[in-house]
Amino acid sequence: MTSAVADDLPVPVAKHRAARRRRRLSAGKVVKETLFYLAVVIVVLIALFPFYWILRTSLLFNSQVAAGVGGANGIIPSHLSGVAYGNVFSQASFLRPLVNSIIVALATTAVTIVVASMAGYALARLRIRGTGAILGFILLAGFFPVLAMIGPLFLVLRYLGALNSIYPLIIVYLVYTLPISTWLLKNFFEQIPAELEDAALVDGATQLQVLRKVVIPVAVPAVFTAAILSFILAWNDFAFAVSFLTSTNHFTAPLAITTFGQSQFQTYYNLIDAAVVIISIPIALLVLFAQRRIVSGLTAGSFR
């Protein structure tokens, strides 16, 4: 009925009403988009505020931290200093824990990529009986509570005499890194055309040579993503480190933060927050410069 009436209207009136309708729709769309982006900005600000507060506290003097928030020492302090960062290395000897974390995280990442690549390729290409059960076990291991593993692992390491050393952590951290890396690489390997591997096998290559020279170069985005995720998981660990390390010379960076910045009468939050900023910088830079590879690696195996 409405369309029939609109058809009977003069052309200028119909055009005017159509233009008015378009303007209303356009105005409604602008309002919705404005509200959406405003909500996004609010959520981002709320999420980033704790990180800003840590950075702010790390740039204050001890007296400013003790004075609390107020006056010149407000949300944006008038006087900032990098003294806490120098004290972290000079007074708290933070360099050694950083080196320990670098060694453990890089070694864990290397072992993870090698093992996960072979395991993922075998699950994707070889006809193995019980593949579904194996994948289910890997998934279960990835979601198993870490705290439930500490007791048995502690007894094993104590029996082997491997407590208070950073090197057993390389194997222990595989609990974090192997499940997600194996799943990621297995899904990606399944998307690679089998004809590439068949051609290499016809030319006389072995299965391992096919994996190393044909599959891995094609799967660089997924391998890169698995390496980044493994490094982050190993770098950020606290539960295993605090359970198996007792000597400050063997502490990793997250564990070392708990041992300094405190005295009998005062807690130096600027020192603690400076250390937090320092150990966060490598992860932030890694994610910032490799975000495209991370996204491509995570989504590459989702299309079939």
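Setting aside neighbours within four places in sequence, Ser-101 is in contact with Trp-235, Thr-252, Ala-253 and Pro-254. Ser-101 belongs to helix 5, and in this predicted model the residue counts as buried because its relative accessibility is 4%, under the 20% limit.

Ser-101 also takes part in the lining of an enclosed space. A search of the whole structure finds one cavity of 30 Å³ or more, and the largest cavity has a volume of about 40 Å³. The residues that line this cavity are Ser-101, Val-104, Tyr-173, Ala-234, Trp-235, Asp-237, Thr-252 and Pro-254. Two elements, helix 5 (95-125) and helix 12 (220-236), each give two or more residues to that lining. By character, the lining of the largest cavity comprises five nonpolar residues, two polar residues and one charged residue. Trp-235, Thr-252 and Pro-254 appear in the cavity lining and also among the contacts of Ser-101.

An open space is found elsewhere in the model. The largest pocket holds about 250 Å³ of space, and its lining consists of Phe-51, Tyr-52, Ile-54, Leu-55, Val-276, Val-277, Ser-280, Ile-281 and Ala-284. Helix 2 and helix 15 (269-299) are the elements that give two or more residues to the lining of this pocket. The largest share, five residues, comes from helix 15. The pocket lining divides into eight nonpolar residues, one polar residue and no charged residues.

Helix 2 (residues 11-58) also contains Thr-57. Which residues does Thr-57 contact, leaving aside its neighbours within four places in sequence? They are Val-65, Tyr-269, Asn-270 and Asp-273. With a relative accessible area of 7%, under the 20% limit, Thr-57 is therefore buried.

A charged pair deserves separate mention. The search of the whole structure finds one salt bridge, formed by Lys-186 with Glu-190, whose closest N and O atoms are 2.8 Å apart. Are the two partners buried or partly exposed? Lys-186 counts as buried because its relative accessibility is 9%, under 20%. Glu-190 counts as partly exposed because its value of 26% lies between 20% and 50%.

The following table collects the accessibility of the residues discussed individually.

| Residue | Relative accessibility | Class |
|---|---|---|
| Ser-101 | 4% | buried |
| Thr-57 | 7% | buried |
| Lys-186 | 9% | buried |
| Glu-190 | 26% | partly exposed |

Helix 4 shows how buried residues can be arranged around a helix. Its span is residues 83-90, and its buried residues are Ala-84, Tyr-85 and Val-88. These residues lie on the same side of helix 4 because they cover an arc of only 105° around the axis. An α-helix has 3.6 residues a turn, so residues three or four places apart point the same way.

The wider picture concerns the protein as a whole. The protein has 15 helices and zero strands. Of its 304 residues, 33% are buried. Among contacts with a separation of 6 or more, 73% are between residues 24 or more positions apart.

Terms used
Residues numbered from 1 in each chain as written. Predicted model: local features only at pLDDT ≥ 70, side-chain atom pairs only at ≥ 80, totals over all residues. Heavy atoms only, no water. Salt bridge = Lys/Arg side-chain N within 4 Å of Asp/Glu carboxyl O. Buried < 20%, exposed > 50% of the residue type's maximum accessible area, 1.4 Å probe, protein only. 1 Å grid on protein atoms, 1.4 Å probe; cavity = no way out; pocket = protein on both sides within 12 Å on 5 of 7 lines; lining within 4 Å. Points joined across faces, edges and corners; volume = space filled by probe spheres on them. Helix = DSSP H or I, 4+ residues; strand = E, 2+ residues; numbered from the N terminus. Nonpolar A, V, L, I, M, F, W, Y, C, P; charged D, E, K, R; others polar. Arc of directions from axis to C-beta. Contact = heavy atoms within 4.5 Å.
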